[in-house]
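User: I have a model open and want to go through its strands and aromatic rings. Can you take my questions one at a time?

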Amino acid sequence: MFEENGPRTWGQVVQNIREFLFVLWAREALKGSRAKEAFFVKCDQTTMTPNDLREGTLTCLVGVAPLKPSEFIHYRVRIRLKPR
C-alpha cells in the first residue's frame with residue numbers, strides 16, 4: 001500500500017503473480033504445453049493511465065487459460081498504493 005507506483009513495484013507484482021501462475025501451470029491446473037501458452041501478466045505504463053499513476057493506482061492485466069472452460073480469461077487487477 002505504501003510502495004511507489006513505478007517500474008520497480010510493477011516488476012515485483014509481475015514476478016509474484018507469474019510465480020503463482022507457474023505453480024498452477026506446473027500442477028496442470030492451466031492449459032498449455034508451455035507456461036507462455038497458459039498465462040500472461042502485464043503491468044507497465046500501457047496498463048495504466050497518467051491519472052492512475054498520479055492517484056497511485058496500480059493496474060495489472062492477467063490472462064489465464066484454464067482447463068475448463070477452454071477460452072482464455074482476462075482479469076484486470078487494480079491496487080491502490082496511496083491511501084485516500
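**Strands and rings**

User: Which strand holds Tyr75?

Analyst: This is a predicted model. Tyr75 falls within residues 73–80. That run is strand E3.

User: Is Tyr75 buried, partly exposed or exposed?

Analyst: Its relative accessibility is 45%. Buried needs under 20%, and exposed needs over 50%. Tyr75 therefore counts as partly exposed.

User: Which residues make the nonpolar surface patch of about 240 Å²?

Analyst: Tyr75 is one of them. The others named in the patch are Val77 and Ile79. In full, the patch is made by Tyr75, Val77 and Ile79.

User: In what order do the 3 strands of the open sheet run?

Analyst: The pairing is antiparallel. E1 and E3 are the edge strands, each pairing on one side only. From one strand to the next, the twist averages 15 degrees. The order is E1-E2-E3.

User: Over how many bridges do E1 and E2 pair?

Analyst: The two strands run in the antiparallel sense. One bridge joins Phe40 to Gly63 in E2. The pairing of E1 and E2 covers 4 bridges.

User: How many aromatic pairs does a search of the whole structure find?

Analyst: Ring centres must lie within 6.5 Å to count as a pair. Searching the whole structure on that basis gives 2 aromatic pairs.

User: Is the pair of Phe22 and Trp25 stacked, tilted or edge-to-face?

Analyst: The ring centres are 5.3 Å apart. The planes stand at 50 degrees. Under 30 degrees would be stacked, and over 60 would be edge-to-face. The pair of Phe22 and Trp25 is therefore tilted.

User: What separates Phe22 and Trp25 along helix H1?

Analyst: Helix H1 spans residues 7–26. Phe22 is partly exposed, at 42% relative accessibility. Phe22 and Trp25 are 3 residues apart in H1, so the separation is about one helical turn.

User: Is the pair of Phe40 and Phe72 stacked, tilted or edge-to-face?

Analyst: The rings lie 5.8 Å centre to centre. The angle between the planes is 5 degrees. Stacked requires under 30 degrees. Phe40 and Phe72 are stacked.

User: How many residues apart are Phe40 and Phe72?

Analyst: Phe40 sits in strand E1, residues 39–42. Phe72 sits in the loop between strand E2 (57–64) and E3. The pair links distant parts of the chain, and the two are 32 residues apart.

User: Are Phe40 and Phe72 buried, partly exposed or exposed?

Analyst: Phe40 has a relative accessible area of 28%. For Phe72 the value is 34%. Buried would need under 20%, and exposed over 50%. Both Phe40 and Phe72 are therefore partly exposed.

How values were computed:
Residues are numbered from 1 along each chain as its sequence is written. This is a predicted model: local features need pLDDT of at least 70, side-chain atom pairs count only at pLDDT 80 or more; totals for chains, interfaces and linings use all residues. Side-chain values use heavy atoms; hydrogens and water are left out. Patches are made of residues with over 30% relative accessible area and no salt bridge: like charges are joined within 9 Å, nonpolar side chains (Val, Leu, Ile, Met, Phe, Trp, Tyr) within 5 Å. Accessible areas come from the Shrake-Rupley method with a 1.4 Å probe; for residues, only the protein chains shown count as cover. A salt bridge is a side-chain nitrogen of Lys or Arg within 4 Å of a carboxyl oxygen of Asp or Glu. Buried means under 20% relative accessible area, exposed over 50%, partly exposed in between (1.4 Å probe, protein chains only). Rings of Phe, Tyr and Trp (its six-membered ring) pair if their centres lie within 6.5 Å; planes under 30 degrees apart count as stacked, over 60 as edge-to-face and the rest as tilted. Two strands pair if DSSP finds at least two bridges between them. Axes are lines fitted to C-alpha atoms, for helices over the stretch in contact, and angles run from 0 to 180 degrees between N-to-C directions.
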